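Q: Could you take a close look at the salt bridges in this structure for me? I'd like to know which residues pair up and how buried or exposed each partner is.

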Amino acid sequence: MKKMNLFSVLRGFFMLWGSQTVSSLGTSMTNFALVIWVYNQTGNASSLTWMTICLFLPTILFRFIAGTMTDRWNKKRIMLFCDFAAACGTCTILILYSLSSLQVWHLYLINFLLSFMDSFQVPAASVAASILVPREQYTRISGLQSFSDSVVSILAPALGSLLLAFGGLTVVLVIDLASFAVAFVTLLVFIQIPDVQRDTEEKPVPFLKSCLEGICFLQKNSALLRLILFFSAINFFAKLGGDGMMSAFVLGKTGGDQNALGMVEASKSLAALAGSLLVIRMKPAARKTRVIFTSCAVTFLVGNTLMSLSDSVWFWMAADFISYVCVTILGANLSVIMRTRVPIPMQGRVFSAQDTIQNCSIPLGLFLGGILADRVFEPFMMRPSLAQHGLSILFGTGKGSGIAVIFFLVGIIGFLISAAALKDPRYQELDQDKDS
């Protein structure tokens with residue numbers, strides 16, 4: 001009976017979660033297939049990092065505006081429009097590819113436009129989840145969302161590789177469009193997202209001022225702002241290292257073996273699945289910040305430093321598994337802190353401010369990572385010298401060895417930053433319960 005009641009309470013969330021997961025699977029298969037296509041076209045790391053940069057720039061440039069509109073507008077309509085726009089983007093890629101006219105720069109532009117729409121979709125979906133779910137279930141839905149993300153990550157490389165081998169990019173894109181249709185129809189017909197009740201005595205705030213209210217909220221909650229700034233630094237180093245350069249690292253080390261990349265991506269996804277199951281089953285942590293910083297330290301140490309020291313695909317898979325279990329647990333605890341400490345009527349603006357601050361360092365990390373890989377470390381490891389010989393003992397030789405050096409350095413720096421935050425007493429107030 002309790003399970004039936006829980007399902008009834010979370011029915012709207014389950015339908016939204018399930019349909020968006022189907023759509024996410026289609027999109028992730030397309031992204032995997034396009035990474036392979038772009039690398040085959042260019043053969044360098046920078047082309048892959050530029051694709052990712054185009055996915056993050058709109059988050060930085062437009063998320064403040066998007067968050068304000070999310071708090072003011074109907075969340076369901078925003079999500080429907082964004083799903084439709086994403087389908088149009090995939091359809092454009094399909095048409096260009098079918099006409100043999102698809103070029104790498106087309107993907108940069110389309111990724112930028114799709115990310116612009118995602119700037120509205122993400123805060124709208126986050127607030128919708130907060131509306132549809134009771135506060136005491138926030139940890140559970142964070143685990144469920146991590147679970148679905150990990151399942152998608154497991155299936156996408158495997159299915160993407162299979163479909164590429166037997167049907168080509170066209171089949172992948174058609175399936176992606178079908179997944180968009182599932183999400184769109186489910187949201188349109190079966191899901192009701194009530195509007196947030198506002199204080200009738202609250203005076204209307206000018207739009208530009210409202211855009212900055214998320215930042216003002218964080219300024220008044222210094223520990224929360226400090227935590228977000230911490231992740232801004234972490235995201236920079238993550239994208240400079242294993243999180244942003246993994247595809248180039250694996251493809252370089254294995255001579256472009258897409259199966260090896262799929263295996264590594266699958267291990268990452270299995271780890272996220274295991275981590276999400278742990279989150280669902282475990283009691284909420286009393287000291288969430290300790291869990292966050294410890295998980296972050298382990299992620300850098302294992303997922304960057306140790307991974308850089310091996311040429312074995314199986315070792316990379318094991319290292320990715322350990323690190324992404326930690327990433328999933330970290331993300332769930334961060335999500336709970338944000339949902340419980342930010343009032344629902346403010347969540348669109350505050351979550352948007354959070355994303356903007358956290359993500360503003362990502363394009364720089366990706367850009368610098370690509371430049372350092374293609375113009376500094378990779379060429380350095382190709383030219384015989386005393387230093388190159390010494391480093392080759394640890395990181396090997398040939399393509400991908402320069403990126404391995406970057407991984408090692410990033411892992412040490414990320415571990416030290418996380419360890420320092422773990423000892424900082426200023427984060428402790430975030431572990432105290434706070435009613436919204």
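A: Here is a walk through the salt bridges, one pair after another.

Keep in mind that this is a predicted model. The structure holds 3 salt bridges.

Let's start with D311 and K253. These two form a salt bridge, and their closest N and O atoms are 2.6 Å apart. D311 sits in the loop between helix 13 (288-306) and helix 14 (313-341), while K253 belongs to helix 11 (residues 242-253), so this pair ties together parts that are 58 residues apart in sequence. The partners also sit in unlike surroundings: D311 is exposed because its relative accessible area is 52%, and the cut-off for exposed is over 50%. K253, on the other hand, has a relative accessible area of 18%, so it counts as buried, which means under 20%.

Next up is the pair K239 and D243. Their side chains meet in a salt bridge, with 2.9 Å from N to O. K239 is the buried partner here, with a relative accessible area of 12%. D243 is partly exposed, at 34%.

That leaves R426 and D424. In this salt bridge, the closest N and O atoms lie 2.8 Å apart. R426 has 48% relative accessibility, so it counts as partly exposed. D424 is buried, and its relative accessible area is 16%.

So, to put the burial picture together: K239 is buried, K253 is buried and D424 is buried, whereas their partners D243 and R426 are partly exposed and D311 is exposed.

Technical notes:
Residues numbered from 1 in each chain as written. Predicted model: local features only at pLDDT ≥ 70, side-chain atom pairs only at ≥ 80, totals over all residues. Heavy atoms only, no water. Salt bridge = Lys/Arg side-chain N within 4 Å of Asp/Glu carboxyl O. Buried < 20%, exposed > 50% of the residue type's maximum accessible area, 1.4 Å probe, protein only. Helix = DSSP H or I, 4+ residues; strand = E, 2+ residues; numbered from the N terminus.
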